[in-house]
Amino acid sequence: MEDPARHIDELRARFDSDLAQASSAADLRAVRDRYVSRKGGLVSHLLKSLGSAPPVERPRLGQLANDLKLHIDARLSAREADLPPSRQALEAVDVTLPGRPPRLGHQHPLTILRERMEAIFTRLGFLIIEGPELEDDYHNFEALNLPPEHPARDMQDTLYLGTPVRSAAGSPATLLRTHTSGMQIRYMEQHPPPVRLIAPGRVYRRDDFDLTHTPMFTQVEGLVVGEDVSLADLKGTLFAFLRELFGPDRQLRFRPSFFPYTEPSAEVDISCAACGGTGLGPKSAANRPDDAGCAMCKRSGWLEILGSGMVHPAVFEAVGYDPERYTGFAFGLGIERVALLKWGVEDIRLFYENDLRFLEQFPL
Amino acid sequence: MKIVLPWLRDWVQVPGDADEVARELSLRGFEVAAVEHGRLAVIDFEITANRPDCMSHVGLAREASAIWGLPLEAPPEAEPASSGPAERLDVVLEDPDLCPRYCAQVFEVRTGPSPAWLGERLEAAGIRPINNVVDVTNYVMLDLGQPLHAFDLERLAGRTLVIRRGRRGERLQTLDGVERQVDPDMLIIADAERAAAIGGVMGGAASEVGPGTGLIALESAYFHPASVRRTSKRLGLKTEASLRFERGADIAAPPAAIARAAALMARIGAGVPRGPLTDRYPSPRAPVRLRLRAAGLARLLGQEIPAPDVPRFLEPLGFTVEPARDAAGPGWIVGVPTWRVDVSREADLVEDVGRHYGYDRLPVTFPALTAPQPQPDPRIGRERLVRRVLTSAGFSDAMTFAFIERQAAQPFCTPGSEPIPIANPLSEKFAVLRPSILPGLLDACAHNRRRERRDVRLFETGSRFTGDGEGRAAAFLWCGAAVDPHWSLPARTVDFFDARGVVEQICAAFGIEPDFRPAERSFLVRGRTAEVLARVDGSMRTLGSVGQLAPDVAEARGFPPSEEIYAAELDLEAIAAGSPGGDLRAELLPRYPSIVRDLSILVDEVLPAAAVRGTIRSAAPATLVSVVEFDRYRGQGVPQGRVSLSFRLTFRATDRTLTDREADEATSGVLAALAAAHGAERR
């Protein structure tokens with residue numbers, strides 16, 4: 001074998017000259033491969049070959065070889081750093097392979113609608129309040145002009161607790177609230193007028209499961225009290241809210257109804273999206289006499305969406321408001337029903353199965 | 001209430017077809033369930049609980065009369081045949097509280113089928129014809145709203161009707177063939193010996209009118225609404241009569257209804273009176289008169305109503321209307337008809353005027369905002385924040401029922417406590433209130449798993465219930481993959497540290513530095529459970545727990561025992577209490593560079609990482625700004641029973657550039673402390 005020290009010098013000279021001629025990133029990579037790649041690089045080869053040198057020589061040669069390696073690394077790094085950034089120089093990736101998206105959970109459709117409604121009412125100057133789901137009979141019924149044995153209690157079949165439960169709100173709770181109105185009573189007990197609030201939350205009724213009933217559902221109720229609040233104000237507020245929620249194309253209808261805690265009472269209907277408000281079924285286009293009419297709205301062209309009315313004077317008396325001085329309106333709607341009318345979710349039970357295939361259909 | 005259109009036209013000549021009549025009435029508060037265009041057109045109305053007077057043809061005829069401005073006409077009936085020789089009937093009203101008015105009259109009858117027109121009308125209205133006498137009672141009920149009942153007089157002991165409360169242990173068989181027990185809370189109609197009917201609910205089988213009946217006692221009464229409702233609920237027996245009485249019948253109607261029945265029986269040859277009408281009405285009610293102010297009307301409706309409209313709308317409904325001016329301005333004195341049991345205040349009159357004016361004609365206005373709003377409820381914002389953190393962490397928002405199966409609830413109750421039962425649950429599946437959100441989430445995960453979704457992350461925020469009352473909580477459940485499958489990554493299933501990390505994120509969102517301590521929970525795996533704590537007002541308070549769900553709990557809900565499911569539940573009130581209030585103070589950014597030192601040590605493998613971390617923190621100078629565990633290794637090169645831990649220590653001073661020597665000295669100090677406290681060796 002030739003003189004290893006001279007060989008190291010030669011390698012250094014060859015490297016310097018090769019490096020001087022290299023002008024691109026590819027040239028530099030080729031130089032790096034030639035000299036210092038782990039397999040087959042000239043310097044790697046040199047280091048291995050030192051094993052056969054006489055033992056007394058080894059430390060000195062090792063030092064020289066190492067110096068050369070450091071020299072090459074430093075010069076290559078310096079040249080690479082000087083290179084203008086070049087896109088072609090970087091290794092290509094297959095951009096058609098799927099990425100690594102961070103997993104994002106979906107909001108529940110009822111949460112989405114609830115927050116949308118809260119946003120609309122907040123813009124209309126409403127306060128949002130929350131309250132207990134376990135209630136006492138007084139706040140759920142009696143204070144709302146529903147004394148025991150009132151036939152209208154049948155409208156809200158109630159789930160009762162087996163044992164009374166302590167309540168932070170006051171007297172022990174005996175039932176699952178059938179509406180969120182109890183919160184409104186509590187609010188009025190503690191605050192003088194004016195009042196302008198919505199009370200969203202889960203409510204419970206002893207309803208068997210079917211396409212439109214579950215024993216738990218979600219409501220948004222509202223209450224406005226002031227010195228000259230009128231039925232026309234109620235109509236204006238509800239129409240503004242519903243037009244924003246459903247868009248300007250749906251027709252609205254305001255008609256009389258009955259609730260024990262409001263007088264006068266009113267319901268709002270929205271034109272049926274399935275038939276466009278005509279009440280006609282799919283066969284009517286062909287002028288078929290056997291057209292059974294629209295199944296969604298049962299031929300009426302309208303779908304009920306919301307109950308409301310002017311707060312009953314007895315309710316004001318129960319909370320210590322003067323019914324001669326103050327008037328007010330209240331309203332309530334089920335969020336599941338809005339989802340049905342807005343998104344066509346025809347089976348309310350889907351909301352409580354939490355099937356990801358369902359939840360993932362709704363926006364993040 | 002099924003209204004037969006030709007029957008309605010006996011009262012008022014409404015124009016148009018059934019659809020048009022239905023539409024107009026629906027806009028006045030009478031919702032339409034269905035319209036049937038059969039040989040007799042029928043409109044099925046959903047009559048609200050306040051309008052028992054409209055559970056009749058005459059009731060809706062009055063409304064139609066107000067809508068179309070057409071007169072209400074008495075239906076053409078033959079005069080009742082004059083009475084034959086009087087037959088004896090004694091009526092003893094013992095309980096005028098539960099029965100304020102009781103009328104009865106004896107008729108001689110010839111039972112047989114009703115004429116076709118009557119049977120058809122009844123059938124169209126949804127009532128099965130039985131015989132001419134019973135059919136007449138039903139017809140009058142559907143016509144006037146007043147239920148009648150016919151007793152076979154000769155089967156009444158002593159020819160006596162006693163209106164009294166039931167006696168303890170007293171029984172009777174009702175017309176539906178069921179033997180029923182009555183009690184002293186119930187009003188019954190008895191003969192001289194035993195109960196013959198349950199007042200306002202159903203008659204008794206023993207005095208039922210049949211083919212052999214020759215004389216009847218025809219009852220027409222007013223029963224106390226709450227009493228009928230209580231009795232009907234107690235017996236589980238709802239009838240056409242009880243529905244009307246419990247909502248409130250017309251106390252003036254009983255004599256008129258008997259007269260109408262007499263006229264009808266005469267017309268169809270079913271019977272003639274045999275004796276005078278008995279009318280027991282010990283405390284006649286005073287007529288109700290209400291003041292209606294023009295200003296009150298306009299104020300509540302938000303619309304001035306032309307004065308002539310008020311009598312135009314109210315008089316066809318049976319109200320009397322006299323103009324009257326008082327200190328409050330112009331208005332009316334309105335006499336309320338006895339059948340309008342729902343009208344007791346001015347607001348009730350406003351509704352009737354408003355209904356017939358038309359809600360669709362009301363203007364669209366907005367209530368004035370006269371004061372700023374109070375602070376919003378803090379719970380709303382904090383639950384939104386939790387939802388934001390958890391959806392960002394890949395969890396989907398679930399909603400599960402507040403009531404669950406008892407067995408599903410049991411493992412989640414604190415030891416020694418029981419879930420709160422529901423007195424009248426829909427089924428055993430909904431028997432108790434949830435003590436935790438987790439059982440509902442577990443079932444939701446199981447549901448997804450059965451539908452080929454094995455990688456599930458779900459959370460819920462909501463109420464949970466214990467003997468101490470209800471509280472708000474957030475819970476999540478994670479099963480399957482820890483990271484979504486990807487061609488570049490090895491697959492890995494969820495473990496404790498994934499779940500703990502999510503809890504750390506939630507705490508961080510509230511500015512809380514949580515402490516995790518080994519703990520035991522009945523629904524979590526021992527050794528893989530941590531209690532989450534935070535400092536609240538100077539002492540440590542439990543926020544909740546995180547850990548692996550006990551395999552037996554998961555298996556009971558349909559998971560294979562090998563499935564590892566991680567869960568956490570946090571008390572949102574505790575989180576709110578642990579969250580530092582007030583405005584945040586922004587910190588200036590560091591001006592001097594930091595120095596990093598890595599440290600690898602060998603310690604006993606059972607030594608908790610928190611202990612090592614605590615020793616490092618207390619031994620290091622104030623320049624230590626962070627400690628990060630970046631490696632934990634057991635195996636080759638590490639003695640049995642020991643573990644290699646690697647920490648990255650970052651030092652920085654706020655007032656100068658630290659020197660390497662300072663960092664080295666601090667690191668040596670830390671090492672010495674670790675050796676002294678835990679027998680740690682540098683690796």
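Good morning. I begin with a single pair of residues: B:Asp90 stands opposite B:Thr160 in strand 7 of chain B. This is a predicted model, in which local features need pLDDT of at least 70 and side-chain atom pairs count only at pLDDT 80 or more, while totals for chains, interfaces and linings use all residues. Residues are numbered from 1 along each chain as its sequence is written, and chains are lettered from A and ligands numbered from 1 in the order in which they are written.

Let me place that opening pair. Strand 4 (residues 90-93) and strand 7 (residues 160-165) of chain B run parallel and are joined by 4 bridges. Helices (H or I, at least four residues) and strands (E, at least two) are DSSP runs, numbered from the N terminus. Two strands pair if DSSP finds at least two bridges between them. Strand 7 of chain B is also joined by 4 bridges to strand 10 (residues 187-190) of chain B, and these two run antiparallel. There, B:Arg165 stands opposite B:Leu187. As background, strands of a sheet pair through backbone hydrogen bonds, either parallel or antiparallel.

I turn now to chain B as a whole. Its secondary structure comes to 19 helices and 31 strands. The radius of gyration of chain B, taken over C-alpha atoms, is 40 Å, well over the 26 Å that the globule rule gives for 683 residues, so chain B is more spread out than a compact globule. The globule rule is 2.2 Å times the number of residues to the power 0.38. Along its principal axes, the C-alpha trace of chain B spans about 125 × 60 × 50 Å.

How many of the 683 residues of chain B count as buried, as a percentage? The figure is 43%. A residue is buried if 20 or more other C-beta atoms lie within 10 Å of its own, exposed if 12 or fewer, and partly exposed in between, with C-beta atoms placed from the backbone. Among the contacts in chain B with a separation of 6 or more, 68% come from residues 24 or more positions apart. Two residues are in contact if their C-beta atoms, placed from the backbone, lie within 7 Å.

Next, a sheet in chain B. Its 7 strands form an open sheet in the order 19-22-23-27-26-25-24, with mixed pairing. Strand 19 (396-397) and strand 24 (515-518) stand at the edges, each with a single partner strand, so one side of each is left without a neighbour in the sheet. Helix 15 (residues 496-509) of chain B packs on this sheet, touching strand 23 (469-479), strand 24, strand 25 (524-536), strand 26 (539-549) and strand 27 (565-571). The direction of helix 15 makes about 20° with that of strand 27; axes are lines fitted to C-alpha atoms, for helices over the stretch in contact, and angles run from 0 to 180 degrees between N-to-C directions. At the edge, 2 bridges join strand 19 to strand 22 (residues 456-466), which run parallel, and the bridge partner of B:Asp397 in strand 22 is B:Phe459.

One residue of this sheet deserves a closer view. B:Ala568 is found in strand 27 of chain B. Is B:Ala568 buried or exposed? It is buried, with 24 other C-beta atoms within 10 Å. Leaving aside neighbours within four places in sequence, B:Ala568 is in contact with several residues, including B:Ala475, B:Val502 and B:Gly544. The C-alpha atoms of B:Ala568 and B:Val502, 66 residues apart along the chain, are separated by 9.1 Å.

Two helices of chain B follow. In helix 11 (residues 346-357), 11 of the 12 residues are buried, so this helix is largely enclosed by the rest of the structure. Its expected span is 16 Å, and its end C-alpha atoms are 16 Å apart, which agrees; the expected span is 1.5 Å times one less than the number of residues. After helix 11 comes B:Gly358, whose phi is positive, near 110°. Helix 14 of chain B is mostly covered, with 10 of its 13 residues buried. B:Glu452, which follows helix 14, has a positive phi near 65°.

Finally, the two chains together. In all, 79 residues of chain B are in contact with 71 residues of chain A. The side of chain B that touches chain A has 36 nonpolar, 22 polar and 21 charged residues. Here Ala, Val, Leu, Ile, Met, Phe, Trp, Tyr, Cys and Pro count as nonpolar, Asp, Glu, Lys and Arg as charged, and the others, Gly among them, as polar. Thank you.
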